[in-house]
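Hi everyone, and thanks for coming. Have a look at the structure on the screen, and I'll walk you through it step by step.

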Amino acid sequence: MPTKPAGTLYRGREGMWSWVGHRITGVVIFFFLLVHVLDTSLVRVSPEAYTAVIGTYKNPLMALGETGLVAAIVFHAFNGLRIIAVDFWKKGAKYQRQMLWTVLGLWVVVMVGFSIRHLSLALGGH
Amino acid sequence: MTATIQSPRSGKIQPKYRRTGGSRGNFEMLAWLFMRLSGVVLVVLIFGHLTVNLLVGEGIHAINFGFVAGKWADPFWQFWDLAMLWLAMLHGTNGVRTIINDYAEKDATRLWLKIVLYAATTVIIVLGTLVIFTFNPCPVANGVQLPGGFCPAP
């Protein structure tokens, strides 16, 4: 029976889970991007078509969805900068774990700020 | 007989050990480099996009046809959105290509998934580019201005 490999630096640790998170957020963002170009393209159909479709986004469920999407984007952005540091900075590989915790800390700070601003605007009634 | 082993990084690698031989050239290395370069630029472009469209002023409530018209009246935002479209689509397509290569084991499955991927990418990039450059803030159908347009006063 296979046993869990002992002493691995990578599997099941920060390096692996950040890689998993980077893939999942990347795919989510890519599929959103396809839809986002299509909905924006409605400006070429008619002003009313565009404004009508954008109007359906302006509800509480979509506001939460947008917050989730931005959470994915901000993680992918910060972790992507960490990957660049791992690849190009001499000490990048040595400090990859510390950099991941920095990424997560910054992600929390940015998302708290974004959520307060966006949700108060989006849910604040107009 | 002794074999001569060149020192590492001398660049003198026997052809059979070269990673970049064959018809693919340096494609994978260039793709790897593109992900990093486009990634840095995309962080700036997308954070700017989110700030201007969601966080400033009324946020999402301000977004309608007139909002888009106002932005694309300025070549700065046309170029911004064009760069974002191309870089994000190519970055995302290369990412999904990597994932397909990793998880689709059958040759035929990989081939078809990538055909679908590249077709979708081409359609979205061409469509988005045309929309940015052929956008008309004051669309007219059959000689009548469409409601909601951003038309100059007659």
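Let me begin with a definition we'll need for pairs of helices: angles under 35 degrees count as roughly parallel, over 145 as roughly antiparallel, 65 to 115 as roughly perpendicular, and the rest as oblique. Axes are lines fitted to C-alpha atoms, for helices over the stretch in contact, and the angles run from 0 to 180 degrees between N-to-C directions. Helices themselves (H or I, at least four residues) and strands (E, at least two) are DSSP runs, numbered from the N terminus.

Please keep in mind that this is a predicted model, where local features need pLDDT of at least 70, side-chain atom pairs count only at pLDDT 80 or more, and totals for chains, interfaces and linings use all residues. Residues are numbered from 1 along each chain as its sequence is written, and chains are lettered from A and ligands numbered from 1 in the order in which they are written.

Let's meet the two chains. Chain A has four helices and zero strands, so to speak a plain α-α-α-α when you read along the sequence. Its C-alpha trace spans about 60 × 35 × 30 Å along the principal axes. The radius of gyration of chain A, taken over C-alpha atoms, is 19 Å, where a compact globule of 126 residues would be near 14 Å; that globule rule is 2.2 Å times the number of residues to the power 0.38.

Chain B also reads as helices to begin with, but its pattern is α-α-α-α-β-β, with four helices and two strands. With a radius of gyration of 23 Å, well over the 15 Å from the globule rule for 154 residues, chain B is more spread out than a compact globule. The box around its C-alpha atoms is roughly 90 × 35 × 25 Å along the principal axes.

How much of each chain is buried? A residue is buried if 20 or more other C-beta atoms lie within 10 Å of its own, exposed if 12 or fewer, and partly exposed in between, with C-beta atoms placed from the backbone. In chain A, 18% of the 126 residues are buried, and in chain B the figure is 14% of 154.Now for the meeting of the chains. Two residues are in contact if their C-beta atoms, placed from the backbone, lie within 7 Å. By that rule, the contact takes 35 residues from chain B and 31 residues from chain A. On the chain B side, helix 1 (27–55), helix 2, helix 3 and helix 4 each supply at least two residues, and the largest share, eight residues, comes from helix 1 of chain B. By class, the side of chain B that touches chain A has 23 nonpolar, 10 polar and two charged residues. For those classes, Ala, Val, Leu, Ile, Met, Phe, Trp, Tyr, Cys and Pro count as nonpolar, Asp, Glu, Lys and Arg as charged, and the others, Gly among them, as polar.

Let's zoom in on some helix pairs. Two packed helices are described by the angle between their axes and the distance between the axes.

The first pair on my list joins the two chains. The axes of helix 3 of chain A and helix 1 of chain B come within 10 Å and cross at roughly 150°, and these two helices are therefore roughly antiparallel to each other. Residues making this contact include Val70(A), Ile73(A) and Ala77(A) from helix 3 of chain A, and Val40(B), Val43(B) and Ile46(B) from helix 1 of chain B. In classes, that contact has nine nonpolar, two polar and two charged residues.

Another pair between the chains is helix 1 of chain A with helix 3 of chain B, whose axes come within 10 Å and cross at roughly 135°. These helices are therefore oblique to each other. Among the residues that make the contact are Arg23(A), Phe30(A) and Leu33(A) on one helix, and Met89(B), Gly92(B) and Val96(B) on the other. Here the classes come to 10 nonpolar, three polar and one charged.

Within chain A, the axes of helix 1 (residues 14–41) and helix 3 (residues 60–88) come within 9 Å and cross at roughly 130°. That makes helix 1 of chain A oblique to helix 3 of chain A. Across this contact, residues of helix 1 of chain A including His22(A) and Phe32(A) meet residues of helix 3 of chain A including Phe75(A) and His76(A). The contact divides into seven nonpolar, seven polar and no charged residues.

Two last stops, both in chain B. In helix 2 (residues 65–72) of chain B, Phe65(B), Phe67(B), Val68(B), Ala69(B) and Trp72(B) are buried. What do the buried residues of helix 2 of chain B pack against? They pack against helix 2 (47–57) of chain A, together with helix 3 (75–103) and helix 4 (107–134) of chain B.

And is Tyr118(B), in helix 4 of chain B, buried or exposed? Tyr118(B) counts as exposed, because it has 12 C-beta neighbours inside 10 Å. The C-alpha atoms of Tyr118(B) and Ile5(B) are separated by 43 Å, with their positions 113 residues apart along the chain.

Thanks for listening!
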